[in-house]
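Reader: I should like to work through this structure by question and answer. Could you guide me through it step by step?

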Amino acid sequence: METLKPKLPIHSLFFFFFLVLYPNLMLHQILADGVTREEAIQLRDEVRDMFYHAFNGYMNNAFPLDELRPLSCAGEDTLGGYALTMIDSLDTLALLGDREQFASSVEWIGKNLRFDINKTVSIFETTIRVLGGLLSAHLIASDYATGMKVPNYNNELLNLAEDLTRRMLPAFDTPTGIPFGSVNLLYGVDEHESKITSTAGGTLTLEFGVLSRLTNDPIFEQVTKNAVRGLWSRRSKLDLVGAHINVFTGEWTQKDAGIGTSIDSFYEYLLKAYLLFGDDEYLFIFQEAYAAAMHYLYNDPWYVEVNMDSAAIVWPLFNSLQAFWPGLQVLAGDINPAIRTHTAFFSVWKRYGFTPEGFNLATLSVQNGQKSYPLRPELIESTYWLYKATRDPRYLDAGRDMLSSLQYGARCPCGYCHISDVEVHKQEDHMESFFLAETVKYLWLLFDLAAGPDNLVENGPYKYIFSTEGHLLPSTPQISLVREHCSYFGAYCKSGNMRPDQHISDVASNLQETNDSSLFGSWTQTILPSDASSSDTNPVSGFMKGFCPGLSHGQKFGISYVTFPDQQENVPTNERERAASQSPSTAVVQNPSPDLPPANKNYDDNFRELDERGSKSDPE
């Protein structure tokens, strides 16, 4: 049911616009106290203890139920009844170097987990938590190079991942290609299932794409790419997408555009799918979507929600899921706005000790009904990425403050509790699995990076992309080099547009280069259009090496926006004629660009067959 949003009084709007014009009045200046290497080691060890306090609390009191009730020291099934917290924690165990617990958990899951159960589950949550956890753990457990190879492991987790995903495929059988929000793992989509889903629920490209490349079956990657195309083809003329959409008609049922709730991973997975797979279609869409977000949603340093058609502000609200955005900007190479936005977001944490689910920018107060902090990782995630990019000690100070808040406000007898009200720090008897998959992981990586990194991510054999659940997906040749592409990790574009460039933060310039600092380096450039963000963007480059810019996404792939009759009334005649000449009535799947020769012919042939005659695999 859609939440009704109250109209803002005139004086509240005045305060909001005053805040936009004078943002520094709200921001707390963060002065670096200076976390020494010795203190960073202590903080890292404290985070490790935090993980085991919560993980052992789950194993002793809740396993094999899904999640822990840390106040009452009991368990509860919240998603599907398949040891959710254990699955979500697997790659954190590997990251911490806990071979014994990692191996025993992998072995238990391989022997005991089944998905032929009469459970209706969320497509989005099951994908990011369960499928992502299984794939990440499989890639670690099966590879000697990770140092965590599990003896006698025989692809049990990969087989489970494939079985689970085939059970979710019926959800994608819609006229738009955008999946239903839920599916029954035994019987498929219920006839009474809601046809309304969130935009984020249509972006599952990383997990499904990795599975396709590990199984050599393109059906999984194809259905998620079609979902992305289905969403993007229905964007507004402003290149904005709404929050909820009807998967049958393709009409937007909630037209509020933002970067937070219901939309966040749409932006995140566009960029990360390009980084991991080297598919420039995702980059074309990301560049256009990012430019629109920075133009219409960004009120330096905050972000607001606007109507996707008119760009009129409908909701001047910071919600906690927006806090991932500065980290994404680091990956894209847009550092300066990321720094300013992180400072603003962290000022909210400093004010309450946690970030509430909603903070009203017009009243400068916690939004009614959104006072909780469910142990979310997004602000910590961005803190980690900004420290990794800049080595500015302010981010270690921020991490220390956040760790202290969790220790003194959220720690409870058997784990860490939700905070139901950030103003009074009231605890609630629930601990989401993502606390161990993400929140603790990013905190530990932050302090380990400062202490002198010695872990799988910073010093391992591969570069890793983090899923939206914080799962580690490596850029191995099997995953990243299915097609020959100038943008895969370590490759260099042959375009004359490239030039040697050593844009590295002054703080980081003298550090020994490991996987973390090679985020930047020679022969790199930002992957964003020149006008995507502020004119004073820091020259520090993004994650990718050598993208050769060319045609727009619409020109190259023939996918533009779909205009509905109710939108046509507000479109000038000349604009309507131009749109009609450019836009297909549905998302059109075009053949891959001929200038990108496939490295795996069989794999690409399968893609073409799917485009022509539909899926070659019948979902269960």
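Author: We may begin with helix α12. Please bear in mind that this is a predicted model.

Reader: Is helix α12 largely enclosed by the rest of the structure or left open, and how many of its residues are buried?

Author: Helix α12 covers residues 335-352, which makes 18 residues. A residue counts as buried when its relative accessible area is under 20%. By that cut-off α12 is largely enclosed by the rest of the structure, because the number of its 18 residues that are buried is 15.

Reader: What distance does α12 reach from its first C-alpha to its last?

Author: The expected span of a helix is 1.5 Å times one less than its number of residues. For the 18 residues of α12 the expected value is 26 Å, and the helix comes close to it, with a reach of 26 Å.

Reader: Which residue just after α12 takes a positive phi?

Author: Helix α12 ends at residue 352. Just after the helix, a positive phi of about 90° is found at G353.

Reader: Is T355 buried or exposed, and what is its relative accessible area?

Author: T355 is found in the loop between α12 and β14, the latter covering 358-360. Leaving aside neighbours within four places in sequence, T355 is in contact with F318, S320, F345, W349, S372, Y373, L379 and V422. Residues under 20% count as buried. T355 is therefore buried, as its relative accessible area is 4%.

Reader: At what angle do helices α9 and α10 pack?

Author: Helix α9 comprises residues 264-277 and helix α10 comprises residues 280-296. Their axes lie 8 Å apart, and α9 passes α10 in a left-handed crossing. The packing angle is about 145°.

Reader: How do the residues of the contact of α9 with α10 divide into nonpolar, polar and charged?

Author: On the side of α9 the contact is made by Y267, L270, L271, A273 and Y274. On the side of α10 it is made by D280, Y282, L283, I285, F286, A289, Y290 and A293. Asp counts as charged, while Ala, Leu, Ile, Phe and Tyr count as nonpolar. The division is twelve nonpolar, no polar and one charged.

Reader: Which strands stand at the edges of the open sheet with the order β5-β6-β7?

Author: This open sheet has three strands with antiparallel pairing. A strand at the edge has a single partner strand, so one side of it is left without a neighbour in the sheet. The edge strands are β5 (196-198) and β7 (252-254).

Reader: Which residue of β7 stands opposite I245?

Author: Strand β6, residues 244-246, is joined to β7 by two bridges, and the two strands run antiparallel. The residue of β7 that stands opposite I245 is W252.

Reader: In the sheet with the order β8-β11-β12, which residue is the bridge partner of V306?

Author: This is an open sheet of three strands with antiparallel pairing. Its edge strands are β8 (256-257) and β12 (313-315), each of which pairs on one side only. Two bridges join β11, residues 305-307, to β12. The bridge partner of V306 in β12 is I313.

Reader: Which residue in the loop between β11 and β12 has a positive phi although it is not a glycine?

Author: The residue in question has a phi of about 70° and lies in the loop between β11 and β12. Partly exposed residues fall between the cut-offs of 20% and 50%. At 21% relative accessibility, the residue therefore counts as partly exposed; it is A311.

Reader: Is R391 buried or exposed, and what is its relative accessible area?

Author: R391 has a positive phi of about 55° although it is not a glycine. Its place is in the loop between α13 (378-390) and α14 (394-410). R391 is buried, and its relative accessible area is 8%.

Reader: What is the omega of the cis peptide bond from D300 to P301?

Author: P301 has its place in the loop between β9 (298-299) and β10 (302-303). The peptide bond that joins D300 to P301 is cis, with omega near 5°.

Definitions and conventions
Residues are numbered from 1 along each chain as its sequence is written. This is a predicted model: local features need pLDDT of at least 70, side-chain atom pairs count only at pLDDT 80 or more; totals for chains, interfaces and linings use all residues. Side-chain values use heavy atoms; hydrogens and water are left out. Two strands pair if DSSP finds at least two bridges between them. Helices (H or I, at least four residues) and strands (E, at least two) are DSSP runs, numbered from the N terminus. Buried means under 20% relative accessible area, exposed over 50%, partly exposed in between (1.4 Å probe, protein chains only). Axes are lines fitted to C-alpha atoms, for helices over the stretch in contact, and angles run from 0 to 180 degrees between N-to-C directions. A crossing is left-handed if the near helix is turned anticlockwise from the far one by less than a right angle, and right-handed if clockwise. Contact means heavy atoms within 4.5 Å.
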